[in-house]
Amino acid sequence: MSVRKRVGVLISGNGSNLQALIDASYEQEYPAKIALVISNKSNAFGLRRAAKAAIPTCIFENKAYSNRENLERDINLALHKADCDIVCLAGFMQIFSQKFAETWEGKILNIHPSLLPSFKGLHAQRQALEAGVKITGCTVHLVTAKVDDGPIILQAAVPVMDKDNEASLSARILEQEHQIYQKGLAILATGLIQIKGRRTFIAQASSNMQHQAFSC
Ligand code: GRF
């Protein structure tokens with residue numbers, strides 16, 4: 001296997017998506033390794049998950065910074081010091097500047113709990129319930145300066161049940177997030193993505209991954 005890509009994962013909370021990436025990276029053939037976890041909350045549970053997996057962590061709390069530029073500078077520095085090739089946002093509650101997004105262009109992923117471009121921003125599951133859609137889901141996409149707007153890599157559909165509330169729907173979407181985030185990272189880490197405008201195309205070797213993500 002070629003050298004694994006080194007990944008920095010940015011979190012703010014529970015870190016169940018981080019856990020899914022850590023678990024996937026234990027597979028011998030997985031093309032990425034989690035090299036660093038950064039949190040902007042010192043009490044994020046994801047930090048404990050990282051410690052348990054012996055992954056180095058950094059905490060950069062927003063309140064310690066007078067402006068976003070300095071916070072982003074320190075995040076960038078930490079990612080470079082850890083030799084990260086790829087960044088994964090996993091429930092990271094912070095909007096990046098255009099400069100940061102451009103620095104990592106094509107190498108930074110996010111997971112969002114809706115079928116983008118529907119229901120961008122906060123409380124995507126609540127937005128889906130309020131809109132009355134019968135199918136929602138989750139999306140792995142490349143990050144650009146616009147929030148929840150970059151080219152889509154993978155999506156998984158999740159039906160909305162009559163009995164669903166925000167918690168039950170979020171839980172079922174989260175299960176799918178854990179599946180597609182590690183697949184999306186593998187696709188990026190293997191260099192199999194071609195981007196044409198807003199569309200991404202995944203080379204043959206992993207078309208299976210794309211198919212699987214849709215069959216939930
Ligand atoms: C997930 O629903 C993710 O899609 C969103 O924030 C949540 C993070 O959950 N961006 P976790 O911290 O990974 O458990």
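Here are some friendly notes on the ligand site of this predicted model, followed by two backbone details.

1. Let's begin with the neighbours of the ligand. The residues around the ligand are N14, G15, S16, N17, G91, I111, H112, P113, L174 and E177. Try finding each of these in the structure above. By class, this shell holds three nonpolar, six polar and one charged residue.

2. Now look at where the shell comes from. Three elements each supply at least two of the shell residues: the helix α1 (16-25), the strand β5 (108-112) and the helix α6 (166-189).

3. Some atom pairs are worth zooming in on. S16 has a polar side-chain atom 2.5 Å from an oxygen atom of the ligand. E177 also places a polar side-chain atom by a ligand oxygen, here at 2.6 Å. With I111 the contact comes from the backbone instead: one of its N or O atoms lies 3.2 Å from a nitrogen atom of the ligand. How much of the ligand does the protein bury? Taken alone, the ligand exposes 370 Å², and the protein buries 81% of that.

4. Next, step back to the space that holds the ligand. The ligand takes up the largest pocket, and about 910 Å³ of space lies in that pocket. Its lining counts 35 residues, and the closest to the pocket centre are G91, F92, M93, I111 and P113. You have already met G91, I111 and P113 among the residues around the ligand.

5. Which elements give two or more residues to the lining of the largest pocket? They are α1, β5, α5 (124-131) and α6. The biggest contributor is α6, with four residues. Sorted by class, the lining has 15 nonpolar, 16 polar and four charged residues.

6. Here is a backbone detail that is easy to miss. L116 and P117 are joined by a cis peptide bond, with omega at about 15°. To find the spot, go to the loop between β5 and α5, where P117 is found. For background, most peptide bonds are trans.

7. One more backbone detail concerns A54. Its phi is near 60°, which is a positive value in a residue other than glycine. Most residues other than glycine have a negative phi, so a positive one is worth a second look. Where is A54 found? Look in the loop between α2 (45-52) and β3 (57-59).

Note on methods. Residues numbered from 1 in each chain as written. Predicted model: local features only at pLDDT ≥ 70, side-chain atom pairs only at ≥ 80, totals over all residues. Heavy atoms only, no water. Near = heavy atom within 4 Å. Polar contact = N/O pair within 3.5 Å; in protein donor to acceptor, adjacent residues only side chain to side chain. Areas by Shrake-Rupley, 256 points an atom, 1.4 Å probe, with all protein chains shown as cover. 1 Å grid on protein atoms, 1.4 Å probe; cavity = no way out; pocket = protein on both sides within 12 Å on 5 of 7 lines; lining within 4 Å. Sits in = over half its atoms within 2 Å of the grid points. Nonpolar A, V, L, I, M, F, W, Y, C, P; charged D, E, K, R; others polar. Points joined across faces, edges and corners; volume = space filled by probe spheres on them.
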